[in-house]
Amino acid sequence: MIKYFFIVILLFQTITALAQVKTAKDINYAYNAEAENSLNVFYKNDSLTNKPVLIFIHGGSWSSGKKETYWWLGRNFARKGIVTVIINYPLAPDAQYEKMADDCALAVKWVKENISGYKGSSDKIFIMGHSAGAHLAELINADRKYFDHAKIKNPIKGVILNDPFGLDLYEYLTHAKKDNFYFDFIRTFTNKPEVWKVASPLNYVNNIKNPHLLFYGSKTYEAIKLQTPRLYQKLKANHIPVEIKEIEGKSHVPMISQMIFGGNDLYEEILKFIHQSN
């Protein structure tokens with residue numbers, strides 16, 4: 001009987017916590033009518049203000065995915081005191097990577113200018129991405145031209161990369177098997193090797209000044225297992241605060257889907273990183 005009492009109490013507390021989370025949906029960050037330029041904001045409806053802010057960029061091989069899929073990520077972080085912004089961005093074949101990155105930078109600009117209205121601090125903006133979204137997160141952070149196009153200084157306090165794909169696209173596309181994935185990526189990055197180099201965040205490591213937290217799965221793609229530690233080593237050599245965690249037993253998609261559960265260990269790691277980097 002006591003066991004069931006505690007289960008009921010826990011369930012009540014969970015429902016109450018979820019009820020405190022507010023969602024502002026389908027806000028257009030580029031001031032146009034395009035759904036691809038929209039975002040959702042998740043925030044806890046309490047008395048606290050100036051909370052840390054996390055912007056999440058979804059993966060999907062630069063050709064699929066949408067912000068609605070990750071409502072659980074927004075709610076889980078919001079419950080833990082982080083104002084969370086989940087963004088859409090244009091996808092291939094309608095857009096190539098530079099358009100995607102430019103629009104991601106515009107989303108960050110919108111957050112910088114408007115997040116105080118959702119109890120977030122414009123001085124505590126962090127960015128996180130999974131897979132292709134991690135590539136875009138690091139690209140706009142490391143290649144200065146994207147925030148130059150958006151006409152703001154880079155406001156990102158720290159970067160969290162979850163199983164990042166495409167840190168060195170030139171290396172990957174030069175050696176990759178010519179399969180459906182390869183030709184899908186060519187739609188995004190053209191068939192020109194010189195473009196692959198320009199699109200590779202690892203080529204801009206010396207521009208990076210903010211702290212990083214890197215995750216990759218022990219069963220993920222070989223390119224990720226090779227390039228994520230390389231980014232770590234380069235940042236370490238440049239005396240940039242950086243941590244890296246290999247998550248045992250996880251392949252590529254489970255690296256993000258495991259976070260459906262709010263008690264997943266990655267939340268504790270990310271919260272610690274955010275609070276230490278403020």
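## Overall dimensions

The radius of gyration is taken here over C-alpha atoms, and the globule rule sets it at 2.2 Å times the number of residues to the power 0.38. For a compact globule of 278 residues this rule gives a value near 19 Å, and the protein has 19 Å, so the two agree. The structure is a predicted model. Its C-alpha trace spans about 65 × 40 × 40 Å along the principal axes.

The chain forms eleven helices and eight strands. Of its 278 residues, 53% count as buried. The exposed area of the protein is about 12,900 Å², of which carbon and sulfur atoms supply 54%. Among contacts between residues at least 6 apart in sequence, 76% join residues at least 24 apart.

## The nonpolar cores

The largest nonpolar core contains 69 residues, and the members that touch the most others are V41, W62, V85, I127 and F189. Helix α3, residues 97-114, gives the largest share of this core, with nine residues. A second core, separate from the first, has 26 residues, including L54, M255, Y267 and L271.

## V41 and V85

V41 is part of strand β2, which covers residues 38-44. Its relative accessible area is 0%, and V41 is therefore buried, the cut-off being under 20%. Beyond its neighbours within four places in sequence, V41 is in contact with K22, T23, A24, I27, V83, T84, V85, W110, I115 and Y118. The C-alpha atoms of V41 and W71 are 9.6 Å apart in space, while the two residues are 30 residues apart in sequence.

The contacts of V85, again leaving aside neighbours within four places in sequence, are L39, N40, V41, V53, L54, I55, F56, V111 and I115. V41 and V85 thus appear in each other's contact lists, and I115 is in contact with V41 and with V85. L54, a contact of V85, is itself a member of the second core.

## Helices α2 and α3

Helix α3 has 18 residues and reaches 26 Å from its first C-alpha to its last, close to the 26 Å expected at 1.5 Å a residue. Its buried residues are Y97, M100, A101, D103, C104, A105, A107, V108, W110 and V111. An α-helix has 3.6 residues a turn, so residues three or four places apart point the same way. Two of the buried residues of α3 also occur in the contacts described above: W110 is in contact with V41, and V111 is in contact with V85.

In helix α2, residues 71-79, the buried positions are W72, L73, G74, N76, F77 and A78. This helix is followed by G81, which has a positive phi, near 95°.

## Salt bridges

Side chains of opposite charge can pair when their charged atoms come close. Eleven salt bridges are found in a search of the whole structure. Helix α3 takes part in two of those described here, through E98 and K112. E98 pairs with K145, and their closest N and O atoms are 2.9 Å apart. This pair links distant parts of the chain, with E98 in helix α3 and K145 in helix α5 (residues 145-150), 47 residues apart. E98 counts as partly exposed at 36% relative accessibility, and K145 is partly exposed as well, with a relative accessible area of 23%.

K112 forms a salt bridge with D123, the closest N and O atoms lying 3.4 Å apart. Because K112 lies in helix α3 and D123 in strand β5 (residues 120-131), the pair ties together parts that are eleven residues apart in sequence. K112 is partly exposed at 31% relative accessibility, whereas D123, at 52%, counts as exposed.

## Further charged pairs

R230 and E171 form a salt bridge in which the closest N and O atoms are 3.1 Å apart. R230 belongs to helix α9 (residues 222-237) and E171 to helix α6 (residues 169-175); the pair links distant parts of the chain, 59 residues apart. R230 counts as partly exposed at 25% relative accessibility, and E171 counts as partly exposed at 22%. Elsewhere, D26, K67 and E68 are linked in a network of salt bridges.

Notes:
Residues are numbered from 1 along each chain as its sequence is written. This is a predicted model: local features need pLDDT of at least 70, side-chain atom pairs count only at pLDDT 80 or more; totals for chains, interfaces and linings use all residues. Side-chain values use heavy atoms; hydrogens and water are left out. A nonpolar core is a set of buried Ala, Val, Leu, Ile, Met, Phe, Trp, Tyr and Cys residues joined through side-chain atoms within 4.5 Å. Buried means under 20% relative accessible area, exposed over 50%, partly exposed in between (1.4 Å probe, protein chains only). Helices (H or I, at least four residues) and strands (E, at least two) are DSSP runs, numbered from the N terminus. Contact means heavy atoms within 4.5 Å. The expected span of a helix is 1.5 Å times one less than its number of residues. A salt bridge is a side-chain nitrogen of Lys or Arg within 4 Å of a carboxyl oxygen of Asp or Glu. Accessible areas come from the Shrake-Rupley method with a 1.4 Å probe; for residues, only the protein chains shown count as cover.
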